[in-house]
Amino acid sequence: MSSFVWQEKESRRSAHSRKKQERDTKVTDADLFFSSVTDGVELPPFDLVIPNESDRKLDIPEGCIGLLIGKKGENLKKVEDKFKVKVKIDKDDKSGRQTATVSGPSPNDVAAAAKELDFEIWTKEVPPEMAGWLCGKGGRHLKLVRELTGVAVLNLCSEGGEAGPEGEAKDGAGDGTGLAKRCWLEAKGLREHVENAEMCLEAHMSYHDVFQEMDEVERDLDRQIVSARGRISRRPVASASSAAAGREGGSKARSSSPQRPRSKPREQSQTQDAQGGEGSAGAGRGKT
């Protein structure tokens with residue numbers, strides 16, 4: 001028969017006391033370990049304060065407040081419902097700077113919501129002679145970059161002349177040279193999207209010198225082809241005239257040269273020889 005060990009049931013008060021004693025023992029052990037590690041090490045002259053990860057403050061660039069809030073507050077409400085956070089927008093009366101404070105119970109959700117609300121503006125100076133090539137016909141290059149990167153706004157702005165539809169630069173700007181005085185690209189959107197658009201446009205602009213060189217080579221080849229076609233089209237006319245002149249000169253030379261006597265046919269010569277022999281024979285018989 002197996003032996004049973006009787007254990008008395010622990011009361012709630014004794015269990016609470018035991019757990020508290022265990023926590024105190026762990027805290028004491030941790031303090032002893034920390035003191036043994038930092039013994040002889042000078043502490044920094046400032047307090048190490050860990051910021052509250054449940055709050056994030058974002059600077060809102062000028063001109064991006066509409067993108068952050070969305071139409072009738074749709075974008076802001078969507079982010080709050082998606083990540084279960086609260087977003088508060090404040091404005092400094094002195095500087096006019098606007099900030100958005102994202103708060104919530106979960107640091108991960110706050111960080112994800114802050115990423116969805118982190119907007120940025122990027123501008124880049126563009127030489128006026130590069131504006132048309134950069135935008136493409138009807139602004140198709142800027143459309144493609146906007147579709148690939150997801151940036152909210154991407155326009156080509158100009159000073160001295162208005163930008164055309166879809167960012168296409170208009171010719172005939174105010175200085176009379178057919179080009180705008182100053183052109184620049186402007187991109188607005190989420191920070192990640194704007195950075196991707198910046199990378200695409202910088203790479204596209206770096207090929208402008210190569211494009212100009214290739215365009216000059218192509219124009220040179222077109223000029224050579226046109227010149228070669230002109231020479232080829234003139235060559236058959238000259239050869240035909242020279243051939244006609246040669247034929248006329250040959251006919252004149254043949255008409256002025258003395259004609260040779262034609263040789264008699266073989267049968268006719270044999271008949272004449274036979275007739276001559278008979279005549280000589282008849283003359284001999286007459287003498288006799």
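Where is Lys 84 found? In this predicted model, Lys 84 sits in the loop between helix 3 and strand 2. Let's use that spot as a starting point and look at the helix before the loop, then at two lysines with a shared backbone feature, and finally at the sheet.

**Helix 3 and its two sides**

- Helix 3 covers residues 74-83, and its buried residues are Asn 75, Leu 76, Val 79, Glu 80 and Phe 83.
- Looking down the axis of helix 3, you will find these buried residues within an arc of 135 degrees, so they line one face of the helix.
- A handy rule helps you picture this: an α-helix has 3.6 residues a turn, so residues three or four places apart point the same way.
- What is exposed on the other side of helix 3? There you will meet Glu 74, Lys 77, Lys 78 and Lys 82.
- The buried residues of helix 3 have several packing partners: helix 2 (65-69), strand 2 (86-91), helix 4 (107-116) and strand 4 (119-126).

**Two lysines with positive phi**

- Lys 84 comes just after helix 3, and its phi is near 55 degrees, a positive value in a residue other than glycine.
- Is Lys 84 buried or exposed? Its relative accessibility is 60%, and a residue counts as exposed over 50%, so Lys 84 is exposed.
- Lys 72 belongs to the loop between helix 2 and helix 3.
- Phi of Lys 72 is also positive, near 55 degrees, and this residue too is something other than glycine.
- Lys 72 is exposed as well, with a relative accessible area of 81%.

**The sheet and the helix across it**

- How many strands form the open sheet? There are 3, arranged in the order 1-3-2, with antiparallel pairing.
- Strand 1 (55-60) and strand 2 are the edge strands, each pairing on one side only.
- From one strand to the next, the twist averages 20 degrees.
- Strand 1 pairs with strand 3 (residues 98-103) in the antiparallel sense, over 6 bridges.
- To find a matching pair of residues, look for Leu 58, which stands opposite Ala 100 in strand 3.
- Helix 4 lies across strand 1 and strand 3, and it runs at about 5 degrees to strand 1.
- Helix 4 and strand 2 may sound familiar from the helix 3 section: both are among the elements that the buried residues of helix 3 pack against.

Key:
Residues are numbered from 1 along each chain as its sequence is written. This is a predicted model: local features need pLDDT of at least 70, side-chain atom pairs count only at pLDDT 80 or more; totals for chains, interfaces and linings use all residues. Side-chain values use heavy atoms; hydrogens and water are left out. Buried means under 20% relative accessible area, exposed over 50%, partly exposed in between (1.4 Å probe, protein chains only). Helices (H or I, at least four residues) and strands (E, at least two) are DSSP runs, numbered from the N terminus. The arc is that of the directions from the helix axis to the C-beta atoms. Contact means heavy atoms within 4.5 Å. Two strands pair if DSSP finds at least two bridges between them. Axes are lines fitted to C-alpha atoms, for helices over the stretch in contact, and angles run from 0 to 180 degrees between N-to-C directions.
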